[in-house]
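Let's take a friendly walk through this structure together. Keep the 3D view open and follow along as each region comes up.

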Amino acid sequence: MLTKRIIPCLDIKEGRTVKGVNFVELRDAGDPVELAKIYSDEGADELVFLDITATVDKRKTLAELVTKVAKAINIPFTVGGGISTVEDVKVLLNAGADKISINSSAVKNPQIINEMAAEFGSQCIVVAIDTRNVDGIDFVHTHGGRKATLLKTQEWAQEVCDRGAGEILLTSMDHDGTKSGFSNELLAEISSALSIPVIASGGAGTMGHFKDVFTFGKADAALAASIFHFKEIGIPELKRYLSDSEISIRK
Amino acid sequence: MKIAVIKYNSGNVQSVLYALERLGANAELTDDPEVIRAADKVIFPGQGEASTAMRYLKERKLDTLIKDLKQPFLGVCLGLQLLCEHSEENDTECLGVFPVKVKRFVPENSQEFKVPHVGWNELENLADIPLLKDLPAEPFVYYVHSFYAELSDLTIAQTHYIHDFSAMLHRDNYYAIQAHPEKSGLVGEKLLSNFLSI
C-alpha cells in the first residue's frame with residue numbers, strides 16, 4: 001500500500017541552514033548536508049530545501065550544495081526558491097535534485113509550468129502555492145505570503161495540475177507558524193478535486209495534527225520545519241504514532 | 001569490477017552513479033558499445049518518455065546491443081519498461097527482453113488513487129533469488145511512475161497500487177526494478193549491493 005510521506009523542510013541561505021536547529025548530534029548546526037543525513041537516517045520520506053538567497057550570483061552555491069546532498073543521502077529531495085527558468089531547473093536537476101518547486105514565477109508566467117513539464121517530465125515539477133483566506137475566500141499569495149493575487153486558490157491548483165505539475169505543495173499562510181493544525185478543509189477540497197498528490201504545509205504542532213491532515217485533510221504528504229528542527233516531535237515517534245493510528249506509513 | 005551505466009537521453013542518471021559511489025563501486029557512464037560489452041555489470045537507468053528513449057537507443061544501435069548482453073544487467077524505472085515488449089506510452093514497441101506489456105494506471109476512483117504513483121510502497125511476494133536476499137521484513141521502495149508492467153511468470157516481486165503489478169522482473173541475466181533503488185534508503189542500497197554481488 002502506498003504510504004503517506006513525512007517531509008522535513010530546510011531553509012537555506014548561501015548554502016547554510018537558516019532556521020535555528022536543536023540537534024545535539026550536529027557538529028555544525030548550519031550544515032544542511034549533515035542535517036539532511038540525520039533526517040534521512042531517522043526515516044524522513046523526502047526532504048525539501050528552500051533557498052531564500054535572493055541574489056543570482058549565489059545560485060552557484062545552491063547547485064554545489066545540491067550535489068553534496070545528492071551524494072550524501074539516499075532518499076528523494078526537492079529544491080525550491082527563486083527558480084524561474086527552464087535553465088534554472090536543468091542546472092539543479094543535473095546537480096542531483098530529484099524535483100524542483102516553483103512558486104511566484106509560476107503565478108507570474110503560468111506557461112513556464114507547461115515548458116518545464118514538457119522538458120523534464122511532470123514527476124519533477126512541484127508547484128508551491130501559498131494561500132491565505134480573505135473574507136472567506138482563499139486567494140493565492142506570493143512573495144512569502146505578503147503579496148495578494150486575484151487568483152482563487154482552488155482554481156489555481158486546478159490550473160497548475162492541468163498545465164502539467166506533478167505535485168502541489170500547499171502552504172496555508174493562515175496556519176503557518178501557529179502550530180494549531182493544518183488547513184484540513186481547504187486541503188481536502190483541493191486534494192479531492194485533483195488527480196495529482198498534494199503536500200500539506202503550515203500549522204503542524206502535534207502528532208495528532210499529522211493524523212488529521214492525512215485523514216480529514218486527505219493529504220498525500222505533510223511538510224514541517226521548526227517542530228522537527230527543534231525536536232518538538234521526532235520523526236521515529238511520529239511514524240510510530242501514525243502507524244498505531246492506522247495511517248499507512250513507511251517503517 | 002567494471003560497471004557500465006548506459007548513457008542515453010534519460011533524466012537523473014547522476015543519482016544512480018552517486019548511489020554506486022556510496023557503495024564504494026566505481027561506475028562509468030557510457031554509450032560506447034565496447035565498454036558496455038566488456039563490463040562485468042550493466043545498469044540501464046531511466047526516467048522520461050518511452051518512445052523518445054527507444055528512438056534514441058535505435059539510432060545508436062544500443063537496442064540490439066542491450067539484447068545481446070550476457071553479463072548481469074539491471075534495468076531501473078523506465079529501464080524496466082523499455083525491456084518489456086510494448087508500452088502503452090505513445091504505443092511504443094520496446095526491446096522485448098521480457099514478453100510483458102506495459103500499461104497506464106487507470107484509477108477507478110481519482111480521489112483515492114492518483115497518477116503518477118508517487119511515494120514509498122512495498123515489495124511483496126519476493127522470489128527466493130540472490131538479488132532479493134536479506135531484505136528487511138517490509139521492504140519499502142520509492143516509486144514515481146504512471147505506467148506499470150503487468151504481472152507475469154517473470155515477476156520476482158510485486159507491488160499493489162490500484163491493483164498488483166510487476167515491481168521487479170527477471171529472465172536469464174536480465175533483472176529490472178520499477179522503483180528507484182538509488183532513492184530507496186537502505187532497502188535500495190541492499191538491492192544494488194546484491195546486484196553487484198551476482
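## Around helix 7 of chain A

The buried residues of helix 7 of chain A are covered by elements that include strand 6 (125-134), strand 7 (137-142), helix 6 (153-162), strand 9 (167-172), strand 10 (198-201) and helix 8 (207-215) of chain A. Please bear in mind, as you look, that this is a predicted model. Helix 7 of chain A spans residues 184-193, and A:Asn184, A:Leu186, A:Leu187, A:Ile190 and A:Ser191 are buried in it. These residues sit on the same side of helix 7 of chain A, because they cover an arc of only 160 degrees around the axis.

Turn the view to the face of helix 7 of chain A that points away from its buried side, and you will find the exposed residues A:Glu185 and A:Ser192. A general point helps with reading such a pattern: an α-helix has 3.6 residues a turn, so residues three or four places apart point the same way.

## A:Asp212 and its surroundings

Helix 8 of chain A is home to A:Asp212. Is A:Asp212 buried or exposed? The answer falls in between: A:Asp212 counts as partly exposed, because it has 19 C-beta neighbours inside 10 Å, while a buried residue needs 20 or more.

A:Asp212 also links back to the start of helix 7 of chain A, which begins at A:Asn184. A:Asp212 and A:Asn184 are 28 residues apart in sequence, yet their C-alpha atoms are 7.4 Å apart in space. If you set aside the neighbours within four places in sequence, the contacts of A:Asp212 are A:Gly181, A:Phe182, A:Asn184 and A:Gly217.

## Two helix crossings in chain A

Helix 8 of chain A also meets helix 10 of chain A: their axes come within 10 Å and cross at roughly 50 degrees. The two helices are therefore oblique to each other, and their crossing is right-handed. Helix 8 of chain A brings A:Met207, A:Phe210 and A:Lys211 to this contact, and helix 10 of chain A brings A:Leu238, A:Tyr241 and A:Leu242. Sorted by class, the contact has five nonpolar residues, no polar ones and one charged residue.

A second crossing involves helix 3 of chain A and helix 5 (residues 111-120) of chain A, whose axes come within 10 Å and cross at roughly 40 degrees. These two helices are therefore oblique to each other, and the crossing is right-handed. From helix 3 of chain A, the contact uses A:Val86, A:Val89 and A:Leu93, and from helix 5 of chain A it uses A:Glu115, A:Met116, A:Glu119 and A:Phe120. By class, that contact holds five nonpolar, no polar and two charged residues.

## Where chain A touches chain B

How many residues of chain A are in contact with chain B? There are 26 of them, and they are in contact with 31 residues of chain B. On the side of chain A that touches chain B, helix 2 (59-72) and helix 3 (86-95) each supply at least two residues. By class, that side of chain A has nine nonpolar, nine polar and eight charged residues.

## Helix 1 of chain B

In chain B, helix 1 (residues 13-22) is mostly covered, with seven of its 10 residues buried. The buried residues are B:Val13, B:Gln14, B:Ser15, B:Val16, B:Leu17, B:Ala19 and B:Leu20. Just after helix 1 of chain B comes B:Gly24, which takes a positive phi of about 80 degrees.

## Backbone details to check

A few loops deserve a close look. In chain B, the loop between strand 7 (101-104) and strand 8 (117-122) holds B:Pro116, which is joined to B:Val115 by a cis peptide bond with an omega of about 10 degrees. The loop between strand 8 and strand 9 (140-145) of chain B contains B:Asn125. B:Asn125 is a residue other than glycine with a positive phi, near 55 degrees, and is partly exposed, with 13 other C-beta atoms within 10 Å.

Chain A has its own example in A:Lys231, found in the loop between helix 9 (226-229) and helix 10 (235-244). A:Lys231 is not a glycine, although its phi is positive at about 60 degrees. A:Lys231 counts as exposed because 12 other C-beta atoms lie within 10 Å.

Methods: Residues numbered from 1 in each chain as written. Chains lettered and ligands numbered in written order. Predicted model: local features only at pLDDT ≥ 70, side-chain atom pairs only at ≥ 80, totals over all residues. Contact = placed C-beta atoms within 7 Å. Helix = DSSP H or I, 4+ residues; strand = E, 2+ residues; numbered from the N terminus. Nonpolar A, V, L, I, M, F, W, Y, C, P; charged D, E, K, R; others polar. Axes fitted to C-alpha atoms, helices over the stretch in contact; angles between N-to-C directions. Parallel < 35°, antiparallel > 145°, perpendicular 65-115°, else oblique. Left-handed = near helix turned anticlockwise from the far one by under 90°. Arc of directions from axis to C-beta.
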